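User: Hi, I have a new structure to go through. Can you show it and start with the terms I need?

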Amino acid sequence: MADGGLFHAQAFLVDELLEDEMMAAAAVIADRNEFLRNREALQRRKKPQKQPALTVDYVEVVVPGYSDAVFKSHFRMQRTSFEELCRLLGPHLTAKTVSIRKKILSSLWLLGNTESFRGVANRFGLSKATLHSVLFEVCNAIETVWGRLIVWPTTSQQYRDLADGFRRKTGFPGVVGAIDATHIPIPGPKVNREAYINRKGFPSMQLQAVCDSDLRFLDIVSGWAGSVHDARVFRNSALSNWLANGNLPEDHHLLGDSAYALTPYLIVPYRDNGSLTPEQTAFNQRHTSARVVIEKAFNLLKCKFRRLKYLDMKVMDKIPQVICAACALHNFILLTEKLDNDEDYLRIIEQAPADVNDGSADEFLIPRTENTAGQAKRDELTNLLSQVC
């Protein structure tokens, strides 16, 4: 029994040793396999990635082969308008290494589509850095001809023409333009990012604009952080100062939502506290139908230049320049083209925007005293419109 017990003990010990050796061997194999996997992963990371091929002769060969409809869908304007834009911006662009046509086409593509910067650069045979430089050069050129594209009225006849446009389309008298602000979504800066978070919860930069009855911008301001209220943006604008100094004829005015303060030169709707008269209710409805043009202008702007739906830029001081350049191109298209057959234009004109903001969400956030002269003028307009109806 003792010998047998010893034998079994030795056998057990051998089995245990063999098991230990097998486990050790398995561990070595596992460690080696992990090492090999890690080495392969490291080699893959070190291996240079294949760069996407640049498109050769896209502007010189491919674009001329586009039909007129395809050209417009890609570059957001007709060929004839593009040729006119080249003549307008050409004197303010250089053509040392990149042609003027390529600079303008690549900028239009970049603004009109949501394709990545690298994708656009490859399409036009440019490096990403060169495309950035080209975009800002084109924006600078647009800024040079700014006064020919975004024009505030200066003569009595121009005021009358603008007012006639609103009266014909909406029946509202004396309107020079409609004012509002819209948010351009951006990534937001790393420093002081919370200042750019708007009331909807995402970082943005503001665009304030006044437009006429044909959706053309008459005045624009961009650069304010998304958290800033519309009324504050307006109060600090050059336009507000100009209007406050009495430069607008007394029988003319702008239309704005309830986020703005009522003045003789900026007419806002009556606050609906549940006790409006039928005449005041009718005034508010007519006011909205006239003011909605600014919402439609913003919608058309973002439809034409889709980059503004999310402007993925990190250099904050360059963002307003890109936004304003898109506004100028928006006006250029409206000035040079008949949009009777433009699908984007017709779709926006024929339907009211779903996100029309009457300012009711903001009007109680900012305490203000009603302007007596503004009240008198609004009441006078209410009486006038009630007689017309």
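Analyst: A disulfide here is a pair of cysteine sulfur atoms within 2.5 Å. This is a predicted model: local features need pLDDT of at least 70, side-chain atom pairs count only at pLDDT 80 or more, and totals for chains, interfaces and linings use all residues. Residues are numbered from 1 along each chain as its sequence is written, and side-chain values use heavy atoms, with hydrogens and water left out.

User: How many disulfides turn up in the whole structure?

Analyst: Zero.

User: Why does C324 have no bond to the closest cysteine sulfur?

Analyst: That sulfur belongs to C327 and lies 5.9 Å away, so the pair is too far apart for a bond.

User: Is C324 buried or exposed?

Analyst: C324 is buried, at 13% relative accessible area. Buried means under 20%, exposed over 50%, and partly exposed in between, with a 1.4 Å probe and protein chains only. C303 counts as buried too, at 11%.

User: New topic, strands. Which residues make up β2, and how many are buried?

Analyst: β2 covers residues 204-211, and eight of its eight residues are buried. Strands (E, at least two residues) and helices (H or I, at least four) are DSSP runs, numbered from the N terminus.

User: What sits on each side of it?

Analyst: S204, Q206, Q208 and V210 are on one side of β2. M205, L207, A209 and C211 are on the other. In a regular strand, side chains alternate between the two faces of the sheet.

User: Which strands pair with β2?

Analyst: β1 (residues 175-185) pairs with β2 in the antiparallel sense over eight bridges. β3 (residues 217-225) is also antiparallel to β2, joined by six bridges. Pairing takes at least two DSSP bridges between two strands. V210 stands opposite I179 on the β1 side and opposite D219 in β3.

User: What links β2 and β3?

Analyst: They form a hairpin with five residues between them. In the turn, L215 has a positive phi of about 75 degrees.

User: Now cavities. How many are 30 Å³ or more?

Analyst: Three. On a 1 Å grid over the protein atoms alone, a cavity is a set of points where a 1.4 Å probe fits but cannot get out; lining residues have an atom within 4 Å of a point. Points join across faces, edges and corners, and volume is the space filled by probe spheres set on them.

User: What is the volume of the second largest?

Analyst: About 50 Å³. Its lining includes L85, I104, C139 and A325. The elements giving two or more residues are α4 (79-89), α5 (100-112), α7 (128-144) and α13 (319-336).

Notes. 1 Å grid on protein atoms, 1.4 Å probe; cavity = no way out; pocket = protein on both sides within 12 Å on 5 of 7 lines; lining within 4 Å.
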